[in-house]
Amino acid sequence: LGLAPSTVGRVLTRHRVPLLRECDPLTGHVIRARRQSAERYEHPHPGSLVHIDVKKLGRIPDGGGWRAHGREASRTYQRKKALIGYDYGLIAIEG
């Protein structure tokens, strides 16, 4: 074209032409939604959009775990008490 790439980029942005990485290589149709949009994502009633996340937390005995005392000490501690394992935290956020 004989123009600077930045100029071409600004003209394409002005005319809202999608980026090549957002288009299907064969058809040219947009396959990836743009992040910048004026459309809001709303739901008609409370509770219709809930995000749930689970976090796995290791139970570490008082005084430290196997990294502090070695693997063998950890195995003897497991025989004495059944407190070694995992706890799970469940978080639900209503949007």
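Two rings of Phe, Tyr or Trp, the last taken by its six-membered ring, form an aromatic pair if their centres lie within 6.5 Å. By that criterion the structure holds 0 aromatic pairs. The coordinates on display are a predicted model.

**The whole chain**

Begin with the entire protein in a secondary-structure representation. There are 3 helices and 2 strands to locate, and along the sequence they follow the pattern α-β-α-α-β. Switch next to a surface representation: the accessible surface comes to about 9,200 Å², and 56% of that area belongs to carbon and sulfur atoms. Of the 95 residues, 4% count as buried. Should a contact map be at hand, consider the contacts with a separation of 6 or more; residues 24 or more positions apart account for 59% of them.

**The loop after α1**

Select Arg 16, which lies in the loop between α1 (5–14) and β1. Its phi is near 55°, a positive value in a residue other than glycine. Arg 16 counts as exposed because its relative accessibility of 65% is over the 50% cut-off.

**The nonpolar patch**

Now select Val 50, Ile 52, Val 54, Tyr 86, Tyr 88 and Leu 90, which together make a nonpolar surface patch of about 670 Å². Which strands supply at least two residues each of the nonpolar patch? Colouring by element of secondary structure gives the reply: β1 (50–58) and β2.

Within this selection, centre on Tyr 88, a residue of strand β2. Tyr 88 counts as exposed, with a relative accessibility of 55%.

**Leu 90**

Proceed to Leu 90, which also belongs to the patch and is placed in strand β2 (residues 86–94). Is Leu 90 buried or exposed? Its relative accessible area is 64%, and Leu 90 is therefore exposed, since the class begins over 50%.

Display the residues in contact with Leu 90, leaving aside neighbours within four places in sequence: these are Ile 52, Asp 53 and Val 54. Of these, Ile 52 and Val 54 are also members of the nonpolar patch. A C-alpha to C-alpha distance drawn from Leu 90 to Lys 55 should read 6.6 Å, although the two residues are 35 apart in sequence.

**A charge over a ring**

Finish at Tyr 86, another member of the patch, and add Lys 56 to the selection. The charged end of Lys 56 sits over the ring of Tyr 86, at 4.1 Å from the ring centre.

Key. Residues numbered from 1 in each chain as written. Predicted model: local features only at pLDDT ≥ 70, side-chain atom pairs only at ≥ 80, totals over all residues. Heavy atoms only, no water. Helix = DSSP H or I, 4+ residues; strand = E, 2+ residues; numbered from the N terminus. Buried < 20%, exposed > 50% of the residue type's maximum accessible area, 1.4 Å probe, protein only. Contact = heavy atoms within 4.5 Å. Areas by Shrake-Rupley, 256 points an atom, 1.4 Å probe, with all protein chains shown as cover. Phe/Tyr/Trp six-rings, centres within 6.5 Å; stacked < 30°, edge-to-face > 60°. Lys NZ or Arg CZ within 6 Å of the ring centre and 35° of its normal. Patch = residues over 30% accessible without salt bridge, like charges linked within 9 Å, V, L, I, M, F, W, Y side chains within 5 Å. Salt bridge = Lys/Arg side-chain N within 4 Å of Asp/Glu carboxyl O.
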